[in-house]
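Reader: I should be grateful for a close look at a single part of this structure, set in the context of the whole chain.

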Amino acid sequence: METLTRSTQHPINNTDFLPLQGTDYIEFYVGNAKQAAHFYKTAFGFQSLAYAGPETGVKNKVSYVIRQNKLTFVLTTPLRADHEISTHVHKHGDGVKVLALRVDDATDAWEQTTKRGAKSYMKPTEMSDEFGKAVVSGICTYGETVHLFIERKDYNGPFLPGFRKWETPYYNPAETGLQYVDHCVGNVGWNQMNKWVQFYEDVMGFRNILSFDDNDISTEYSALMSKVMSNGNGYVKFPINEPAEGKKKSQVEEYLDFYDGEGVQHVALATNNIVETVTALRSRGVDFLTVPGSYYEDLLSRVGKIDEDLKPLQELGILVDRDDEGYLLQIFTKPVEDRPTLFFEIIQRKGAKSFGKGNFKALFEAIEREQEARGNL
Ligand code: FE2
């Protein structure tokens, strides 16, 4: 059962001890940031923004910052084998290290969360350069993933102190219409979901707005359970998945095996025109999961009237689901690295605030076909 515990979301919540203004950036630890940045620019339409590395006084790692509308990605790679990021990449492969959240007061965010039991990752640290000052602090979450709190109201540089504007003679391919982070999903271990639900409730003041049990989210094989956590104003949503027993290996279990631990499963990127965005992404080589043509045969009887023509949705493999507030369109990429770990969702919301429960079965059957091809089912 989809448990409808969703309640009215207050843009101003006086009891919110951790007011968040949204996702500030997502940092990926990768084996080769130069090539990863090129991939996200060319395939996804991100634009060059900022750089830090040996030329800017950072001796042992390199970071490229790329942006598209309100989406900022940081791609970081270590330069030496004995760097802690090398250990991270060796263990996990390329993946998300930091889900950075924008706050008005990074010192208070750190104090509020650590006094409620968060393990500190970084004490409040003031950084400055000729563009002003920023304060950054951080706490640990599932696996080796961390949340950084970014206070940048007194900063006007390209990204953060220490970064310089990244100018490249390469002609950046055009943007693809990606707008902002809709939600970020974490995969946690067996029976760990409720522990992390409790963490987001107690430590960060989030609420559980939706739950899915293994009756909602199981095909013959690929069972999982999920709870969606949201902060007070709804700007930050973190669904948490754990594997469930099925006939064969859960997709979450496959992730845990190949990521070698808990971590970010997918990041959902919002667009205002999913047909245009997915057309552009496909033409640039982004691979998506596909569902059988039969999915579209009775689609309109399932979801009712929609604004979009069915034909382009079917040609592109875009899925549709409706809840009591409207509908949404969504599609999932295949993993964006060779390990079957991190992937992206492209989502366009037309009133719906849910996550596409009606598509789970078709999607998970598509995932199982991929798992089977990898020999991991
Ligand atoms: Fe999602």
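Author: In this predicted model, the accessible surface of the protein chain amounts to about 16,300 Å², and carbon and sulfur atoms contribute 48% of that area. Of the 377 residues, 56% count as buried. The secondary structure of the chain consists of 10 helices and 17 strands.

The part chosen here is helix α1, which covers residues 33–44. This helix has 12 residues, and the distance from its first C-alpha to its last is 15 Å, close to the 16 Å expected at 1.5 Å a residue. Its buried residues are A33, A36, A37, Y40, K41, A43 and F44. An α-helix has 3.6 residues a turn, so residues three or four places apart point the same way. The buried set in α1 includes A33, A36, A37 and Y40, and K41 and F44 also belong to it. Just after α1, G45 adopts a positive phi of about 85°.

As to the chain around this helix, the C-alpha atoms fill a box of roughly 60 × 50 × 40 Å along the principal axes. The radius of gyration is 20 Å, which agrees with the value near 21 Å for a compact globule, because that value is the one for a chain of 377 residues. Among contacts with a separation of 6 or more, 69% come from residues 24 or more positions apart. Finally, the protein chain carries 42 positive and 53 negative side chains, and the centres of these two sets lie 3 Å apart.

Notes: Residues are numbered from 1 along each chain as its sequence is written. This is a predicted model: local features need pLDDT of at least 70, side-chain atom pairs count only at pLDDT 80 or more; totals for chains, interfaces and linings use all residues. Side-chain values use heavy atoms; hydrogens and water are left out. Helices (H or I, at least four residues) and strands (E, at least two) are DSSP runs, numbered from the N terminus. The expected span of a helix is 1.5 Å times one less than its number of residues. Buried means under 20% relative accessible area, exposed over 50%, partly exposed in between (1.4 Å probe, protein chains only). The radius of gyration is taken over C-alpha atoms; the globule rule is 2.2 Å times the number of residues to the power 0.38. Contact means heavy atoms within 4.5 Å. Accessible areas come from the Shrake-Rupley method with a 1.4 Å probe; for residues, only the protein chains shown count as cover. Lys and Arg count as positive and Asp and Glu as negative; His and the chain ends are not counted. The place of a charge is taken as NZ of Lys, CZ of Arg, CG of Asp or CD of Glu.
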